[in-house]
Amino acid sequence: MYSRTMLKVRTLSNNLKMYGSTSSNFVNVSVNDKSGVAIVTMQREPVNSLNLELITQLKTALSDLERNKCRGMILTSASKSVFSAGLDIMEMYKPNQERVRNFWLSLQDLWMTLYGCSYPSVAAINGHSPAGGCLLSMSCEYRIMLPNFTIGLNETKLGIIAPSWFVATMKNTIGFRKAEMALTLGFLFTTEEALKVGLIDEVASSKEDAIAKADKFIGQFAKIPPQPRTISKLMLRSKDIETLRKTKEQDLQAFLQVVNDPKTQKGLELYLESLKQRKA
Ligand SMILES: CCCC/C=C\CC(=O)SCCNC(=O)CCNC(=O)[C@H](O)C(C)(C)COP(=O)(O)OP(=O)(O)OC[C@H]1O[C@@H](n2cnc3c(N)ncnc32)[C@H](O)[C@@H]1OP(=O)(O)O
């Protein structure tokens, strides 16, 4: 339906001209002219790890969609096996202090934008989705995942602690008890387990099927007046957004303290090595 041959697909307005094919182009946005639904595709090879640039481009794309009053947004990945590998560990390993500060502030902004967007949002999770990838998925209103992948907040397994707003997002998605178990274990759910626990809403057989299911979910809102919809959504979500907005600086300082701790640095080094050794 979104294919360039079957339907006119246009990039979203002048605001989104930056998503042309440049080498720093990590996000592609295409809009279905008929439905007004946008597909936002992360395309930072190989694993869509969230570095400063990808985070910033995602935030800009989502804000532009808000300004352009899009009817719905589907977040997905250009990769065949990874939705997003979470935060780019290289941003946190031996970091440049100014960049790592911007990195964290941008991540906070992205989460507040996605979690609080007025349009219906769906994650079409077409690959593994650990840590920050799981956060992005959970921040959408609906999640559709392909089989044989994993999703979860695995931070404790890396020896780090998921920030309070990651925790709140998970608690709001699967409830206190299941979130407590998942977070303390750093558990990565398979697609089937994620469905059982309510971390995802549907399983799709392919990316095309996921997009079709996402369109169907968003289509339900065609008959619902947008303002009451958005107000209802924000009544549920704004408390956690406001909490972060008010404590942004504190949250940043806590992050910087952890990242600059030599023990964290050693842990990240070992984790990076283990990722590389998996290939050998
Ligand atoms: C106080 C701090 C709070 C922090 C809060 C959140 C933390 C995070 O989000 S930390 C990131 C946590 N992410 C993970 O644990 C996922 C790690 N990655 C994987 O498990 C696998 O890569 C994955 C299953 C996603 C995909 O597997 P493959 O398709 O087999 O790919 P490879 O493992 O071969 O990876 C390719 C290439 O990418 C590098 N890589 C992977 N993930 C990351 C990452 N998150 N950051 C940076 N780089 C990453 C991996 O090392 C490979 O690199 P090369 O060997 O140089 O090709």
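Which residues come nearest to the ligand? Of the 27 residues around the ligand, these are Ala85, Gly86, Leu87, Ala131 and Gly132; a residue counts as near a molecule if its C-beta atom, placed from the backbone, lies within 6 Å of it.

The model is predicted: local features need pLDDT of at least 70, side-chain atom pairs count only at pLDDT 80 or more, and totals for chains, interfaces and linings use all residues. Residues are numbered from 1 along each chain as its sequence is written.

The shell around the ligand comprises 16 nonpolar, 6 polar and 5 charged residues. Here Ala, Val, Leu, Ile, Met, Phe, Trp, Tyr, Cys and Pro count as nonpolar, Asp, Glu, Lys and Arg as charged, and the others, Gly among them, as polar. The helices below each supply at least two residues of this shell; helices are DSSP runs (H or I, at least four residues), numbered from the N terminus.

| Helix | Residues |
|---|---|
| H2 | 89-92 |
| H9 | 226-259 |
| H10 | 262-277 |

The axes of helix H4 (residues 132-139) and helix H5 (residues 164-174), lines fitted to C-alpha atoms over the stretch in contact, come within 10 Å and cross at roughly 50°. H4 is therefore oblique to H5, a class for angles outside the ranges under 35, over 145 and 65 to 115 degrees. At this contact (C-beta atoms within 7 Å), Leu135, Met138 and Ser139 of H4 meet Phe166, Thr169, Met170 and Thr173 of H5. The contact has 4 nonpolar, 3 polar and no charged residues.

In H4, 8 of its 8 residues are buried, meaning 20 or more other C-beta atoms within 10 Å of a residue's own.

Key. Axes fitted to C-alpha atoms, helices over the stretch in contact; angles between N-to-C directions. Contact = placed C-beta atoms within 7 Å. Buried ≥ 20, exposed ≤ 12 C-beta atoms within 10 Å, placed from the backbone.
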